[in-house]
Amino acid sequence: MRILVTGGIGLIGSACCELFLKEGHEVISVDNNTRESLFGDKGNNKANIKENDFFKSRKLELVDGDIRDKELMSTLVKKADAIVHLAAQPSHPKSLKIPIEDFQINAFGTVQLLELARQLNPKIPFAFMSTNKVYGDYPNFFSYKIMGKRYENVVMDSFNEELPVDRCGHTPFGASKLAADIYTQEYAINYGLKTATFRGGCLTGKNSRAVEMHGYLPYIIKCALTKKKYYIYGGGYRVRDQIHSSDVASALYEFIKKPKPSNIGIYGKSYNLGGERQNSISIFETIDAIKAKTGILLDFEEAPERESDHLWWISDMSKFRNDYPSWRITKDLDYIFNEIIDYFIKTLKLSVKLKEIDYFKKKKR
Ligand SMILES: NC(=O)c1ccc[n+]([C@@H]2O[C@H](COP(=O)([O-])OP(=O)(O)OC[C@H]3O[C@@H](n4cnc5c(N)ncnc54)[C@H](O)[C@@H]3O)[C@@H](O)[C@H]2O)c1
């Protein structure tokens, strides 16, 4: 296959490029490094090109372009056997400052891409990386209690795709992604495109050019290792499920290899995609884990809650597992923490040692 990956030099984009190339496919990545213009030098995703050898593959075409460029995208869509659409303004706090640009990239960029696929190449699979922010802050309306150093949901073990998407706040990011998510479904329902939307939880890995506004786990680890103060917005009991970028890429790959329609033959399914309960962790638990693994106690300060931040999110992935039973989460919390800590120790040349490799595994016993 020749797979078109938008946002191909980002966290998930680089994991997709790596996997698809390893599986013998050709890849076209289109990315104009908007992340750097959004978040400054620390968000520069071109560092991923420098640091990862697979970007040198002759089977990879790296296009420096904007997904909103209709002419460019027409050429690329025509050449593709599958589309994995990841390019986005990815931050909900940032979207409050730039709602129009957020809309243009996330909503318009996606609709135009769907329309080009419909006009030029309607038979190919189209995976759209959505977000659990499509559910807005509806998850916060549930009851929670503090258990140890985390919130626990009193009634739900995890959230599936039945959660309402309205009657709550979203931030412009949640709204633009929801629009894109719904359009992706509409293009399956009305035009027969083989689409699916993946509503990601906390996606993570060393290739995240993490900044305060996006990239929770790498950013908090980096703050600890570099002795930078970390601001906890709205309390440290908040829980997120962490999924490694390579496991996200393998889920998207399962779909583009074999898109699954509903039992009445219509595509456009939505899947929650996250690390589930086994990879869930609160901010306070993250601080403890960093301390155990590196000996460093994070310097933090509590700050007011941010708009539409979930108190607690754990993904229920039964729907995806049902369609793709052989897919697995292969990276646990120890792997994820160790990879990110090791990456910063090496690239920032820190004199920190990774002390406790199996902290989470031991904790479970
Ligand atoms: N990281 C997370 O925790 C998370 C959670 C849920 C959903 N997502 C979604 O996953 C996808 C990938 O996110 P990521 O974490 O890899 O973020 P990322 O910022 O590392 O990657 C996104 C890439 O898209 C590129 N891009 C943005 N606007 C563009 C444009 N107009 N034209 C071309 N390229 C453009 C950026 O330069 C960047 O390289 C996004 O759609 C994001 O909303 C991410």
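Two helix axes count as roughly parallel at angles under 35 degrees, roughly antiparallel over 145, roughly perpendicular from 65 to 115, and oblique for the rest. Keep that in mind for the helix pair below.

This is a predicted model, in which local features need pLDDT of at least 70 and side-chain atom pairs count only at pLDDT 80 or more, while totals for chains, interfaces and linings use all residues. Residues are numbered from 1 along each chain as its sequence is written.

**Overall picture**

The protein has 13 helices and 14 strands; these are DSSP runs numbered from the N terminus, with helices (H or I) of at least four residues and strands (E) of at least two. Its radius of gyration is 20 Å, which agrees with the value near 21 Å for a compact globule of 365 residues (taken over C-alpha atoms, the rule being 2.2 Å times the number of residues to the power 0.38). Along the principal axes, the C-alpha atoms fill a box of roughly 55 × 45 × 40 Å.

Buried residues come to 48% of the 365. Buried means 20 or more other C-beta atoms within 10 Å of a residue's own, exposed means 12 or fewer, and partly exposed is in between, with C-beta atoms placed from the backbone. Of the contacts between residues at least 6 apart in sequence, 83% join residues at least 24 apart (a contact puts the two C-beta atoms, placed from the backbone, within 7 Å).

**H8 against H10**

Helix H8 (residues 216–225) packs on helix H10 (residues 283–294) at about 50°, with the axes 11 Å apart. Axes here are lines fitted to C-alpha atoms over the stretch in contact, and angles run from 0 to 180 degrees between N-to-C directions. The two are therefore oblique to each other. On the H8 side, Ile-220, Ile-221, Ala-224 and Leu-225 meet Thr-286, Ile-290 and Thr-294 of H10.

**Ile-83**

Ile-83 sits in strand S4 (residues 82–85) and counts as buried, with 27 C-beta neighbours inside 10 Å. Beyond neighbours within four places in sequence, Ile-83 contacts Leu-4, Ala-117, Ile-124 and Phe-126. The C-alpha atoms of Ile-83 and Ala-127 are 6.2 Å apart, though 44 residues separate them along the chain.

**Two positive phi values**

Most residues other than glycine have a negative phi. Here are two that go the other way, each with a positive value:

| Residue | Phi | Loop between |
|---|---|---|
| Glu-276 | near 60° | strand S12 (269–273) and strand S13 (280–282) |
| Ser-308 | near 55° | strand S14 (300–303) and helix H11 (318–323) |

Glu-276 counts as buried with 21 C-beta neighbours inside 10 Å, and Ser-308 is buried with 24 other C-beta atoms within 10 Å.
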